[in-house]
Amino acid sequence: MGGQHAHQAAPESARMRRLAFAVIVPIAVATLAALVWLWPTDGVPSPEDGEAAAQSSGQVTAIEREACPEQPDQTAEQADEQAAVQVNGCGTARVEITESDTERAVGREVEVALPSGPGAPEIEVGDDVVLTQTESPDGMIYAVVDHQRGTGLWVLLGAFALALVAFGRWRGLTAIGGLAVTFVLLLFFVVPAILAGQPPLLVAIVGSAAIMLTVLYLTHGFGLGTTVAVLGTLVSLTLTGLLSAFAVSALHLTGFTDETSTYVGTLHSVNMEGLLLAGIVIGSLGVLDDVTVTQSATVTELARANPEYGAVQLYRAGSRVGRAHIASVVNTIILAYAGSSLPLLILLVAAQGPIADVVTDQLVAQEIVRSVVATLGLIAAVPITTGLAALTFRRYSTAE
């Protein structure tokens, strides 16, 4: 009898597959309809103030350095500050163009001023660099703006893919497919739809739902356990969106916090408050599906190992695992947001203002809202997913 119950608790049975199909199809159809409705048909709108400078790629073939001119009446401190931003010194470099939109430019050598200023790339002979090219009355002017990192990034990504497939095998391969789907939806739906003027929060929820449906089933297979994780993630994600909307409104956050957000909001007419909400939702998705998949799998294995467990026993046992998981994942969320905002934290602490003023500043308050709302959504995901899984697998462990 126990063996029969254990078999019926397994999520791979035909009956469970039919139930999973019946539950998930309406959600998938609604998500697909929303994708079609929100999909930008006119492409990404261009900025209103003209086109960006054209770019080329090249290789540094020679560098000619010279003494930097001294400024009259310059103090020693000012001289040190000037030397700090002149990362390459003064002079010129010769760069051979290796790739350009203009075919006749390929193979030419051009002379450029050595880049300087905060964040300027330090260049040496043989470096692959990115050039901007602008028209002027005296002809084309080139400037080195960055290092060319394409080859290095492809090597790094190749090593990542090989390691993932070597360790995860088929699962690793499906995980790579899931990453590809995520990037495609972000780059070809979420970002263009927001730029086209669609509501950012709605776009984020629809895009996240599409990512979740595709990635979870692609990575974990189609079964009732995965469907429970999908439902738990969707409910928790919606709750996260509602909580973030309430927090952003109550704290009067505008989303305009730095030069980048101001540039995006003014140049592309993006709703920055909505963009902040969208960022919270999308940022929460990766951690949410980790927790929901873990909870669903935990209850599934408990139902297999203990076919006599009822829904309450499955819920209690699964919640114990969930509490341990949450304790570690919450710290991960806080550290992830702190790491991404480390320059901001350094700047605020260096200002040595009162801690109350630092915490309530919009820059810091925005990051606190991100962390707290994501954590609340994560905490809610544990009882929601565990309860769904306990009811589902209790039903099959006692069936017939």
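Helices H5 and H6 run roughly antiparallel to each other in this predicted model. H5 covers residues 170–195 and H6 covers residues 200–220, and their axes cross at roughly 165°. That angle is over 145°, the cut-off for calling a pair roughly antiparallel, so the label fits H5 and H6. As for distance, the two axes come within 9 Å. The hand of the crossing is right-handed. Where H5 meets H6, the contact is made up of 15 nonpolar residues, eight polar ones and one charged one.

Turning to the strands, five of them form an open sheet, and the order across it reads E3-E2-E1-E4-E5. The pairing is antiparallel. E3 (109–113) and E5 sit at the edges with a single partner strand each, which means that one side of each has no neighbour in the sheet. From one strand to the next, the twist averages 45°.

The pairings of E4 (residues 128–136) can be followed in some detail. On one side, E4 pairs with E1 (residues 54–66), in the antiparallel sense and over six bridges. Two of the positions along this pairing can be picked out: Ala 54 faces Gln 133 of E4, and Ser 56 stands opposite Leu 131, again in E4. E4 also pairs with E5 (residues 139–147), here over eight bridges and once more in the antiparallel sense. In that pairing, Val 129 has His 147 of E5 opposite. The link from E4 to E5 is a hairpin of two residues.

Val 129 also gives a handle on E2 (residues 90–99), the strand in which Thr 98 lies. In sequence, Thr 98 and Val 129 are 31 residues apart, while in space their C-alpha atoms are 9.8 Å apart. Is Thr 98 buried, partly exposed or exposed? With a relative accessible area of 45%, Thr 98 is partly exposed; the exposed class would need over 50%.

Back among the helices, H5 also takes part in an aromatic contact. The count of aromatic pairs comes to one. Its members are Trp 39 and Phe 189, with ring centres 5.5 Å apart and planes at 25°, so the pair is stacked. The cut-off behind that label is a plane angle under 30°. The pair ties together distant parts of the chain, since Trp 39 belongs to the loop between H2 (14–38) and E1, Phe 189 belongs to H5, and the two are 150 residues apart. How do the two partners fare for exposure, buried or partly exposed? Phe 189 is buried, at a relative accessible area of 0%, whereas Trp 39 is partly exposed, at 37%.

One last local detail concerns the backbone. Phi of His 252 is near 55°, a positive value, and the residue is not a glycine. Where does His 252 sit? His 252 is found in the loop between H7 (224–250) and H8 (259–267). With a relative accessibility of 66%, His 252 counts as exposed.

Terms used: Residues are numbered from 1 along each chain as its sequence is written. This is a predicted model: local features need pLDDT of at least 70, side-chain atom pairs count only at pLDDT 80 or more; totals for chains, interfaces and linings use all residues. Side-chain values use heavy atoms; hydrogens and water are left out. Axes are lines fitted to C-alpha atoms, for helices over the stretch in contact, and angles run from 0 to 180 degrees between N-to-C directions. Helices (H or I, at least four residues) and strands (E, at least two) are DSSP runs, numbered from the N terminus. Angles under 35 degrees count as roughly parallel, over 145 as roughly antiparallel, 65 to 115 as roughly perpendicular and the rest as oblique. A crossing is left-handed if the near helix is turned anticlockwise from the far one by less than a right angle, and right-handed if clockwise. Ala, Val, Leu, Ile, Met, Phe, Trp, Tyr, Cys and Pro count as nonpolar, Asp, Glu, Lys and Arg as charged, and the others, Gly among them, as polar. Two strands pair if DSSP finds at least two bridges between them. Rings of Phe, Tyr and Trp (its six-membered ring) pair if their centres lie within 6.5 Å; planes under 30 degrees apart count as stacked, over 60 as edge-to-face and the rest as tilted. Buried means under 20% relative accessible area, exposed over 50%, partly exposed in between (1.4 Å probe, protein chains only).
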